[in-house]
Amino acid sequence: MQLDHKLSIAAASVLLSSSLYAQDYVRVNVMNYSENDDRVTVTAPSVEINKELGLDYTLNGVFVSDSVSGATPVYSDTTSGASAYHRGTVLDISNIKKENIEFDEQRAYGSLSVTKRVRNRDEITALYSKSYESDYDSNTLGFGYMIWADESKNRSYNFDLSYQFNEILIKDCTGNHICSDADSISGASKKEDATMISTQVGITQYIDERSLAKVSVFYANEDGYLSNPYYNVIRNTNQVEAENRPDTRTAYGFNLKYIRSFSDDLSSNFAYKFYSDDWDINSHTLDINNYYELNDKFTVGFGIRYYGQSKAEFYSKSTTYFTNEEFASHDDRLSAFNAFTYKATLDYKYSDKISYNIGLNYYTQSTDLDAVYSSVGFKYNF
């Protein structure tokens with residue numbers, strides 16, 4: 001069902017991890033996510049392998065398998081059996097209702113990156129990632145270049161670029177109860193595509209032996225089919241139609257990050273992000289994470305994240321009918337809302353080679369969406 005398929009706007013940011021702490025390891029993790037009212041549940045096991053190939057190369061691979069199920073509230077024609085794809089017929093308003101459309105989806109995601117360190121220890125990274133669902137196929141190529149400012153290595157500059165190509169399979173049943181020309185395997189009657197180019201430039205500065213700051217700016221441009229094929233809108237003619245979003249989107253913003261070790265036991269990460277796009281969405285993200293070492297075995301973490309955004313110019317509440325506007329959506333993710341995430345983690349270092357971790361997060365959004373997600377994993381250094 002085309003899950004949260006887009007990578008971060010700063011998609012190339014995965015290239016920014018420093019090799020100062022490079023090591024050989026395998027990390028295994030299982031994440032579970034559950035929304036209130038049993039709307040969406042996700043189980044996502046993942047494996048990451050990092051391998052140093054001599055002193056000059058690092059190979060990193062990640063694989064994630066998502067199992068997603070639940071129901072999405074969508075306006076539909078109830079005479080068609082609550083099908084999200086039956087559109088285009090003028091109906092009695094009593095036959096248009098917001099009902100849960102059930103889904104059950106599997107997604108596979110994988111990425112592979114190679115980092116090369118040149119003579120002065122600058123780093124060049126190339127990345128390829130792929131995300132696949134039954135109705136969605138996404139491929140991303142990324143390139144990163146990290147430059148040390150001088151031999152002291154107290155300052156570095158990062159340049160990152162990524163290109164993403166997406167193919168979307170769509171059921172188009174306008175005016176019909178049955179998609180007669182649908183593909184027998186995917187159920188799709190047509191294919192759309194979308195691309196995204198994103199870039200990020202940043203500077204990292206070690207302030208002293210206990211603190212570090214980073215500033216980066218990003219830019220992204222999307223082009224192609226950017227609507228959600230599962231969402232509908234209602235026109236004032238009592239007609240259910242597929243939502244329609246602009247086929248281009250340009251975004252920009254900046255990130256600020258500050259890491260401080262207050263003592264040998266306590267450290268904090270502070271991050272702020274500003275985002276803006278030409279859909280009239282502006283957002284602010286504030287993320288604070290603290291870590292305290294109880295002893296040489298246990299480390300606890302606790303933090304809070306705030307996110308707030310303005311609404312897209314073509315969004316209206318579900319109780320509002322659209323008229324002849326070209327662009328229209330009832331998707332609450334395009335509305336004005338704010339959200340808080342409360343986070344807690346526990347890490348246990350069993351030995352120099354093996355460590356375990358658990359995490360628990362509670363998410364609450366002003367649109368009456370609440371969710372709990374947890375993670376359990378271990379890391380093995382080899």
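Start by selecting Asp24 and Lys51: their side chains meet in a salt bridge, 3.4 Å from N to O (a salt bridge is a side-chain nitrogen of Lys or Arg within 4 Å of a carboxyl oxygen of Asp or Glu). The pair ties together distant parts of the chain, 27 residues apart, with Asp24 in the segment before strand 1 (25-35) and Lys51 in strand 2 (residues 40-53). Strands here, like helices, are DSSP runs numbered from the N terminus (E, at least two residues, for strands; H or I, at least four, for helices). Colour the two by exposure: Asp24 counts as buried at 16% relative accessibility, while Lys51 is partly exposed at 33%. Buried means under 20% relative accessible area, exposed means over 50%, and partly exposed is in between, using a 1.4 Å probe and protein chains only.

Before moving on, keep in mind that this is a predicted model, where local features need pLDDT of at least 70, side-chain atom pairs count only at pLDDT 80 or more, and totals for chains, interfaces and linings use all residues. Residues are numbered from 1 along each chain as its sequence is written, and side-chain values use heavy atoms, with hydrogens and water left out.

**Zoom out**

Switch to cartoon for the whole chain. You should count 0 helices and 18 strands. Of the 382 residues, 41% are buried. Contacts (heavy atoms within 4.5 Å) reach far along the sequence: among those between residues at least 6 apart, 59% join residues at least 24 apart. Now turn on the surface, which comes to about 19800 Å² accessible, with 55% of that belonging to carbon and sulfur atoms. Accessible areas come from the Shrake-Rupley method with a 1.4 Å probe, and for residues only the protein chains shown count as cover.

**More salt bridges**

How many salt bridges does a search of the whole structure find? The search turns up 19.

Next, select Asp264 and Arg210, whose side chains form a salt bridge at 3.2 Å, N to O. This pair also links distant parts of the chain, 54 residues apart: Asp264 sits in the loop between strand 12 and strand 13 (266-277), and Arg210 in the loop between strand 8 (190-208) and strand 9 (211-224). Asp264 is exposed at 63% relative accessibility, and Arg210 is partly exposed at 31%.

Then go to Glu241 and Arg235, another bridged pair, at 3.3 Å from N to O. Is Arg235 buried or exposed? Arg235 is buried, with a relative accessible area of 8%, whereas Glu241 is partly exposed at 23%. While you have salt bridges on screen, pick Glu243, Arg245, Asp331 and Arg333 together, as bridges with shared partners join them into one network.

**Surface patches**

Select Leu286, Ile304, Tyr306, Phe340, Tyr342, Leu360, Tyr362 and Val372, and you have a nonpolar surface patch of about 660 Å². The elements that each give two or more residues to this patch are strand 15 (298-309), strand 16 (337-349) and strand 17 (354-365). Patch residues have over 30% relative accessible area and no salt bridge; nonpolar side chains (Val, Leu, Ile, Met, Phe, Trp, Tyr) are joined within 5 Å and like charges within 9 Å. Click on Ile304, which lies in strand 15 and counts as partly exposed at 32% relative accessibility.

For a charged patch, pick Asp193, Asp223, Asp247 and Glu326, which form a negative one. Asp and Glu count as negative and Lys and Arg as positive, with His and the chain ends not counted; the place of a charge is taken as CG of Asp, CD of Glu, NZ of Lys or CZ of Arg. Asp247 is in the loop between strand 11 (239-242) and strand 12 (248-261), and is partly exposed at 48%.

**Two backbone oddities**

Most residues other than glycine have a negative phi. Arg121 has a positive one, near 75°, in the loop between strand 4 (96-117) and strand 5 (123-133). Lys153 also has a positive phi, about 55°, and lies in the loop between strand 6 (136-148) and strand 7 (155-170). Arg121 is partly exposed at 26%, and Lys153 is partly exposed at 27%.

**Last stop**

Finish at Ser375 in strand 18 (residues 369-381). What does Ser375 touch, not counting residues up to four places away in sequence? Show Asn29, Val30, Met31, Asn357, Ile358 and Gly359 around Ser375. Ser375 itself is buried, with a relative accessible area of 18%.
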